[in-house]
Amino acid sequence: MHVCQSLEKINTMKLEDFIHQNRSAFEEEGPGPRVWAALEKELPAKQPARIVSMMAKHWWKAAIIVALVVNAGLLVKFLNAKQEVAYVVPEMEEMQVYYTSKIEQKLEELNKYPAEQLGLDSTTREELKLRNETYLLLEKELMSNPGNERIRAAMVRYYQMKLELLDKILTEQDKYHNVTPSNKKDVL
């Protein structure tokens, strides 16, 4: 038994020596470029990616999906678009048209005066505009609660107060500049 182990050990050492001595012969470079080119020719052609091939087959389905998504987006945008008070509360439309036209007429008259002659600061001029913060707040509340009579009354009162204020300012301007109704067009 001891002799067998010794012989194996000797054979193993000879084999290791053989490997060390011929190491360069075991490390070959591999096949040349011509061999790789020939192998590549034998491989099946590369197929396009699965998603691209699916899109090519079912492009019309993808187009329909895109069209549906675009339509849904437009529908949501349309539904979220700002709605006018008149559409939400139809009975307010006539009142809104009447007061809006009157207020705009008065604002046009007022804008004919030079700013330094009116003596109004920028905050006051901003408040005189038809759609100021108060109006927008009332409009928003009315859109949220179209059936609320108090909000409707507040909206009407807002228009009336704005008209009264504009009338007072115009009357004062007329007094200050001695404008009579007959020569008003000449002055303005």
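Q: How much area does the protein chain expose?
A: In this predicted model, the protein chain exposes about 15600 Å². Carbon and sulfur atoms supply 59% of that area.

Q: And what share of the residues counts as buried?
A: The chain has 188 residues, and 19% of them count as buried.

Q: Which residues have the most contacts inside the largest nonpolar core?
A: They are Ile103, Leu107, Leu110, Leu128, Met155, Tyr159 and Leu166, in a core of 21 residues.

Q: Which helices each supply at least two residues of this core?
A: Helix H7 (93–111), helix H10 (133–144) and helix H11 (149–176) each do so. The largest share comes from H11, with eight residues.

Q: Back to Tyr159: what does it touch, leaving out residues up to four places away in sequence?
A: Tyr159 touches Met95, Gln96, Tyr99, Thr100, Ile103, Leu130 and Tyr135. One of these, Ile103, is also listed with Tyr159 among the core residues with the most contacts.

Q: New topic: how many helices and strands are there?
A: The protein chain contains 12 helices and zero strands.

Q: What about contacts with a separation of 6 or more; what percentage joins residues 24 or more positions apart?
A: Such pairs account for 66% of those contacts in the protein chain.

Q: Turning to the surface, which residues make the nonpolar patch?
A: Leu15, Phe18, Ile19 and Phe26 make a nonpolar surface patch of about 410 Å².

Q: Where does the largest share of that patch come from?
A: It comes from helix H1 (residues 2–21), which gives three residues. Leu15 is found in helix H1.

Key
Residues numbered from 1 in each chain as written. Predicted model: local features only at pLDDT ≥ 70, side-chain atom pairs only at ≥ 80, totals over all residues. Heavy atoms only, no water. Core = buried A, V, L, I, M, F, W, Y, C linked by side-chain atoms within 4.5 Å. Buried < 20%, exposed > 50% of the residue type's maximum accessible area, 1.4 Å probe, protein only. Helix = DSSP H or I, 4+ residues; strand = E, 2+ residues; numbered from the N terminus. Contact = heavy atoms within 4.5 Å. Patch = residues over 30% accessible without salt bridge, like charges linked within 9 Å, V, L, I, M, F, W, Y side chains within 5 Å. Areas by Shrake-Rupley, 256 points an atom, 1.4 Å probe, with all protein chains shown as cover. Salt bridge = Lys/Arg side-chain N within 4 Å of Asp/Glu carboxyl O.
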